Amino acid sequence: MDEKNNTYPLLDQIDNPDDLRKLPVALLPKVCQEIRQEIIDVCAHNPGHLASSLGAVELAVALHYLFNTPEDRIVWDVGHQAYAHKILTGRREAFKHNREYHGLKPFPSPLESPYDTNTCGHASNSISVALGLAVAAMQKGDNKNVVAVIGDGAMSGGLAFEGLNNVSSVPNNLLIILNDNNMSISNSVGGLKQYLLHLHTSNLYNSIRFNLSNRLTRWGLLNEKGKKKILRFNNSVKSLLVSQQNIFEGLDIRYFGPVDGHNIQELVRTIREIKDMTGPRILHIKTIKGKGYKLAEEHATIWHAPGKFDPASGERKVSPSTYLPPKFQDVFGETLVEMAAADSRIVGVTPAMLTGCSMDRLMDVFPQRTYDVGIAEGHAVTFSAGLAIEGMIPFCNIYSSFAQRAYDNIIHDLAITGEHVVMCLDRAGLVGEDGPTHHGVFDIASLRPVPGLTIFAPMDGKDLRRMMITAAQDGMGTCVIRYPRGRCQDTDWHIPLESIPVGKARRLKEGKDVAVLSLGPVGFTVQEAICQVEEETPGHTIEHYDMRFAKPLDTEVLDNVSKRFRRIVTIEDGVKAGGFGSAVLEYLSAHGYEGKVTIMGLPDCFVEHGELSRLFKEVNLDIQSIKNMLQ
């Protein structure tokens with residue numbers, strides 16, 4: 001037997017869920033152990049979302065063991081829980097290339113596998129999707145099972161509650177599994193967290209009620225209307241007995257649990273007992289994020305996505321360097337603390353991304369002025385509006401792709417009345433290995449048409465600081481600052497806090513043949529491309545502006561270059577359709593410009609995952625592509 005088979009004797013026999021179902025229940029703990037080790041071994045060398053998937057191993061095994069997937073539907077919520085699911089569904093070998101360019105997708109996707117029911121890069125959509133599947137199955141007379149898996153803080157999202165409300169009001173046989181690990185990416189917050197921590201109920205009571213209900217139905221003494229009446233009565237009795245109202249049963253959803261989500265045999269037994277019940281029901285399982293890897297259990301936030309590491313020692317590997325410039329998020333976090341120290345009106349708001357956006361720095365210094373509202377982007381924006389109405393200056397930090405979920409809130413609750421809220425869109429532009437669900441490429445095109453917004457795009461850390469100060473000034477109204485994932489290009493970013501003129505660009509270089517208008521950090525790539533072009537083509541010179549603002553545009557610069565240049569090139573890291581370049585073209589067209597305008601940006605397609613250097617080349621925003629355009 002080779003080394004591989006010595007390490008994974010059971011997992012090596014499993015190519016798909018049918019193989020898993022051939023095993024006796026007694027061997028499932030060993031299967032879980034091997035899957036957990038496989039996830040650790042792969043993620044140690046090919047970084048991914050470690051802690052969340054370690055916590056959901058037994059759940060994935062139990063579901064595929066008991067349900068006839070893919071005919072039966074499993075709807076995952078927050079796809080970074082689903083590595084065990086991928087391994088069990090014919091993708092074990094491909095998992096070694098998870099998140100790599102042209103490799104396995106970072107999150108479950110029906111474009112990749114029939115076992116992946118839906119796209120699940122963002123949280124809180126599983127109940128709604130699964131309810132649609134369950135209702136459709138009932139309409140068609142299809143006897144398939146539908147299971148929604150929600151957890152990792154996703155239950156705090158408003159969409160989850162909208163789905164629950166609808167689950168209680170339409171006929172369905174949906175099974176919801178709440179994977180309760182008391183975590184999102186940062187620690188879960190809010191009343192629901194406390195509720196789940198203390199929720200309890202009687203399994204014996206559930207069993208007696210279920211058996212009695214079945215007997216009355218078989219005897220023809222209980223129809224659906226009667227079932228609902230008895231359910232409500234019994235829920236009231238249970239609430240009295242256990243001294244606690246059950247939020248789920250208050251919605252007429254049968255509740256079971258909590259169950260130890262790491263006891264695979266007990267989990268299989270429990271799901272088998274309730275899987276064929278009719279009507280909506282919820283199984284509450286308790287799990288540990290990072291289960292099976294001590295460091296990940298103890299520091300789940302750090303080990304959510306730890307990068308490369310030594311699985312034996314736990315030492316995290318970093319690229320060798322004497323000095324690395326700061327990340328944009330860290331410039332944001334430190335600057336926010338400085339600003340808050342100088343102005344008591346400044347507060348921070350974020351939807352469960354406290355560490356991800358470095359607002360934990362503000363939490364450390366000013367905890368009473370820092371609000372992590374859970375996975376609730378729309379609420380974060382509207383909550384910020386309320387703060388602003390009473391004279392506070394909220395810095396509401398949301399990842400660009402997640403802010404898409406708060407689009408109406410930005411328009412309705414901020415822009416219409418011009419509330420002074422500073423929306424900080426972290427992870428703007430391409431983000432790399434997390435792929436199309438996380439690329440922040442639509443923010444300019446979606447927000448530019450909204451009246452009254454000021455949209456900033458810093459090229460470096462120094463300008464991010466300047467823009468934060470500018471956006472906080474009295475009278476600014478609703479501001480949006482977009483900046484990318486990753487590190488700044490400048491090492492001397494810690495400059496004195498000073499504002500900049502709103503809507504004014506800066507000229508970085510003079511030239512006579514082509515005018516280049518860039519927005520954001522892509523300007524550094526443009527600088528390098530210009531340098532190479534001018535070296536290779538003596539006498540050919542290029543003028544370069546860092547435009548700084550997508551809205552309002554610097555019309556003085558546009559008027560100037562339109563008179564002096566017959567070629568203008570705009571470059572941005574957002575979509576071309578409706579973006580910054582479109583705004584420039586609209587203005588120049590309206591003012592009679594007859595020269596050539598070329599817009600460089602992202603094409604009309606979803607950009608897949610991979611290393612940033614590969615992705616920029618794919619979308620023609622690398623140095624060579626820009627050179628080709630400027631020559």
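The questions and answers below go through some salt bridges, sheets and helix packings of a predicted model.

Me: What makes the pair Lys-286 and Asp-180 a salt bridge?

Reply: The closest N and O atoms of Lys-286 and Asp-180 are 3.2 Å apart, and the cut-off for a side-chain nitrogen of Lys or Arg and a carboxyl oxygen of Asp or Glu is within 4 Å, so the pair counts as a salt bridge. Lys-286 lies in strand β5 and Asp-180 in strand β3, so this pair ties together parts that are 106 residues apart in sequence. A search of the whole structure finds 42 salt bridges.

Me: Why is Asp-180 called buried, and what is Lys-286 called?

Reply: Asp-180 has a relative accessible area of 6%, and buried means under 20%, so the word buried applies to Asp-180. Lys-286, with a relative accessible area of 29%, falls between the limits of 20% and 50%, and Lys-286 is therefore partly exposed.

Me: How do you know that Arg-466 and Glu-498 form a salt bridge, and which parts does the pair tie together?

Reply: Their closest N and O atoms are 3.5 Å apart, which satisfies the requirement of within 4 Å and therefore makes the pair a salt bridge. Arg-466 belongs to helix α21 (residues 461-471), while Glu-498 lies in the loop between β11 and β12, so parts that are 32 residues apart in sequence are tied together. With a relative accessible area of 14%, Arg-466 is buried, whereas Glu-498, at 40%, counts as partly exposed. Both residues also belong to a network of salt bridges, in which they are linked with Asp-460, Asp-463, Arg-506, Asp-546 and Arg-548.

Me: Why is Glu-556 said to be exposed, and with which residue does Glu-556 meet in a salt bridge?

Reply: The relative accessibility of Glu-556 is 56%, and exposed means over 50%, so Glu-556 counts as exposed. Its side chain meets that of Lys-504 in a salt bridge, with 3.4 Å from N to O. Glu-556 lies in helix α23 (residues 555-564) and Lys-504 in the loop between β11 and β12, so the pair ties together parts that are 52 residues apart in sequence. Lys-504 itself is partly exposed, its relative accessible area being 29%.

Me: What makes β1 and β4 edge strands?

Reply: These strands belong to an open sheet of five strands with parallel pairing, in the order β1-β2-β3-β5-β4. Each of β1 and β4 pairs on one side only, and that is what the word edge refers to here. From one strand to the next, the twist of this sheet averages 20°.

Me: How do you know that β1 and β2 are paired?

Reply: Four bridges join β1 to β2, and pairing asks for at least two bridges, so the two strands count as paired. They run parallel, and within this pairing the bridge partner of Trp-76 is Val-149 in β2.

Me: Why are the helices α5 and α13 called oblique to each other?

Reply: They pack at an angle of about 45°, with their axes 10 Å apart. Roughly parallel would need an angle under 35 degrees, and roughly perpendicular one of 65 to 115, so the angle fits neither of these and α5 and α13 are therefore oblique to each other. Their crossing is right-handed, and the contact includes Leu-59 and Leu-63 of α5 as well as Leu-267 and Ile-271 of α13.

Me: What leaves one side of β12 and one side of β17 without a neighbour in the sheet?

Reply: An open sheet of five strands with mixed pairing has the order β12-β14-β13-β16-β17. Both β12 and β17 stand at the edges with a single partner strand each, so one side of each is left without a neighbour in the sheet. Inside this sheet, four bridges join β13 to β16, which run parallel, and Val-516 has Val-569 in β16 as its bridge partner. Helix α24 lies across β13, β16 and β17, at about 145° to β16.

Me: Is Arg-91 buried or exposed, and what is Arg-91 in contact with?

Reply: Arg-91 lies in the loop between α6 and α7. Its relative accessibility is 6%, and buried means under 20%, so Arg-91 counts as buried. Leaving aside neighbours within four places in sequence, Arg-91 is in contact with residues including His-85, Leu-104, Glu-112, Tyr-115 and Asp-116.

Technical notes. Residues are numbered from 1 along each chain as its sequence is written. This is a predicted model: local features need pLDDT of at least 70, side-chain atom pairs count only at pLDDT 80 or more; totals for chains, interfaces and linings use all residues. Side-chain values use heavy atoms; hydrogens and water are left out. Helices (H or I, at least four residues) and strands (E, at least two) are DSSP runs, numbered from the N terminus. Buried means under 20% relative accessible area, exposed over 50%, partly exposed in between (1.4 Å probe, protein chains only). Axes are lines fitted to C-alpha atoms, for helices over the stretch in contact, and angles run from 0 to 180 degrees between N-to-C directions. Angles under 35 degrees count as roughly parallel, over 145 as roughly antiparallel, 65 to 115 as roughly perpendicular and the rest as oblique. A crossing is left-handed if the near helix is turned anticlockwise from the far one by less than a right angle, and right-handed if clockwise. Contact means heavy atoms within 4.5 Å.
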